[in-house]
Structure formats: C-alpha cells, structure tokens
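Student: Could you take me through this structure step by step, since I have not looked at it before?

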Amino acid sequence: WVRDGWRVVAVVSALEGQTDALLDRVRAWAGPQPFAQDEPSAGAAPAIAALVATGESQSAAILGLALDRAGIPAEVLDAAAIGLRTSGPPLDAGPIGLDAGALWAALRRSPVVVVPGFTGRDEHGRATLLGRGDSDLSALAIAQFLGGVRCRLVKDVDGLYDRDPAQTRVPHAAAPRRYDTLSWDDALALDGTIVQHKGVRFAQRHALPFEVGAALADGASLVGDLPARFDAGAIGLRPARVPSTPLRVALLGAGSVGLGVYHALRALPAWFEVAGVLVRDMDKAAAGGVDRHLLTRDP
C-alpha cells in the first residue's frame, strides 16, 4: 500500500495467544473474582485493562521494528498519543473521540503510523478495553474520526462468506459464497467470527463503509449501504496482487542465507528480478546455483 502511494494507519491486535496469557496473569494476581461480576471493582477494572493492553502495545512495537528493518518509515503511537477516547465500562468501552489533528500530523511525518487496537483512554486518562469490538472497532473508529477514510479489516480469508469457508473441506457440502458487497444488516446476520458485531454496529450507526479482505490480496468484501451480491466461484484466498513490473533486487553475498534468498526470489519471477549478486568467490556462488551472468566482485 505504501508503494502504491497510500498513507497507512496500521491498527494491530495482540499476537496469537498473548491476550489469553495476560488474562491468566490477571487471574493469578487477582483471582477469578474480577471476572465473576459484570462490573469489576473500581480498582480492578482499570488495572486489568492496563495489563491486557500491553499485548497490543507489544505488537505495535514489533511491527514498527519490522517496518524500520524493511526500510519503511513508520511511527508507533499509543491510544493516549492519538487521543482515542472511550466511554462506558473499562473492559467493554466504546470509542467516542480522537485527536485527528495529532494523527494527521504523524501521517505527514511518516507514511505509516502503527497504533495498538482494542484499547483507549477514558475521561480520566485510564486504560480501557473495547471488549468484543476488539481491534476491528479501533480501526473503524479511527477511520470514522479521520473523516471516513478507506478502512480495510485484514483477515486470514479474502472476505465475508455466507458460511464458514472451511466447509469446503467437507465432502458434498455446498460451497460457501463470498460476498462482493453486503449491507451492515447482512454482516450482522453472520455469526461474528470474522468481524465482531460490535464493530459492525458502530459502522452502521456512523454510515461508515468498510472492507474485509486478506493481506496482499485484491479480493475483499465491501460492507455498507449496499445490496448483497456474491462473487461467483470465489473460495478461499485470492492470488496476491501481481505488480506491473517486478521489484529489482541486488543481493550482497551468496552464502547459506544469501543463496536461500536468491532461490526464493527466482521462484517468484512476476514479483522479483535479481539484478546482481555481489560475492567474493564467483565459482562457489555459481556452484550453489546462481546464474553466472548475475555475479560480480565489484560493489
């Protein structure tokens, strides 16, 4: 998306299993009582929120480091820095505002801003969680408060289906159909496993359209004030977007790591073109399978 000229706000979830591990720590310190009532004690709820929110904060920091390593400038900001304000119970709050100016300023400084989802700040500055809305609700709220910018919820499937795509593995089961477009009510009629209903209801209240799709895939379902329309024959992930011209890559070194990278790049000719390989020993690199015309000793 950055290479296509977009400015991106990447809203991240905790890494898999991290939230459950943090909740286990809550139980270890506070016992089961905070979860035995609808409203935990005034002291316990903000403390639980503050601890559980560290899962998303860790993911945001890791993505920021990965982007820097990939040469993509990015800023990592937390809910306080972007002024994401919430109201309601600390563990099931709803977003009510954002410091849009601070976020736009960050986007002017950097093409990517990474923020942790699932968390906000209440009127007293205490950490809150968005409950069943999770990070999808964070992304939708940020899109709304920024003025209805394009919002895509990235999933492990390429859109919303009328039934679980895993059913394609069941013999004689009817193939699930992927929505090209659907209304907010249509999305609410689904079981909520892909996009939580709390987020869909927020989008409906604010007349906010949004996409549901997979990373690096063109296919996506558009949810909004739209009729239900299915994509005939679309099952599972669509192919990734193939660029109009391959990305040219120069490799420094062809040892065990470099050779692995070289062969991986050559296996994707529509995506990558190896422009040259800098080595000390050209014969050794050629023996490892590198095309000799690509080899050079001259940096």
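**A first look at the chain**

Tutor: Buried residues make up 40% of the 299 residues in the protein chain, and what you have in front of you is a predicted model.

Student: How many helices and strands are there in the protein chain?

Tutor: The elements are counted along the predicted protein chain. That count gives eight helices and, beside them, strands to the number of 15.

Student: What is the order of the five strands in the open sheet?

Tutor: The pairing in this open sheet is mixed, and the edge strands, each of which pairs on one side only, are strand 8 (152-155) and strand 12 (229-231). Neighbouring strands here are turned against each other by 20 degrees on average, with direction ignored. Read across the sheet, the order is 8-10-11-9-12.

Student: Which residue is the bridge partner of E211 in strand 11?

Tutor: Strand 10, covering residues 210-214, is joined by four bridges to strand 11, covering residues 220-224, and the two run antiparallel. E211 falls within the residues of strand 10, and its bridge partner in strand 11 is L222.

Student: Which residue in the turn between strand 3 and strand 4 has a positive phi?

Tutor: Strand 3 (residues 85-87) and strand 4 (residues 94-97) run antiparallel and are joined by three bridges, and in one of these pairings S87 has G94 as its partner in strand 4. The two strands form a hairpin with six residues between them, and the turn residue with a positive phi, of about 105 degrees, is G88.

Definitions and conventions. Residues numbered from 1 in each chain as written. Predicted model: local features only at pLDDT ≥ 70, side-chain atom pairs only at ≥ 80, totals over all residues. Heavy atoms only, no water. Pairing = 2+ DSSP bridges. Axes fitted to C-alpha atoms, helices over the stretch in contact; angles between N-to-C directions. Buried < 20%, exposed > 50% of the residue type's maximum accessible area, 1.4 Å probe, protein only.
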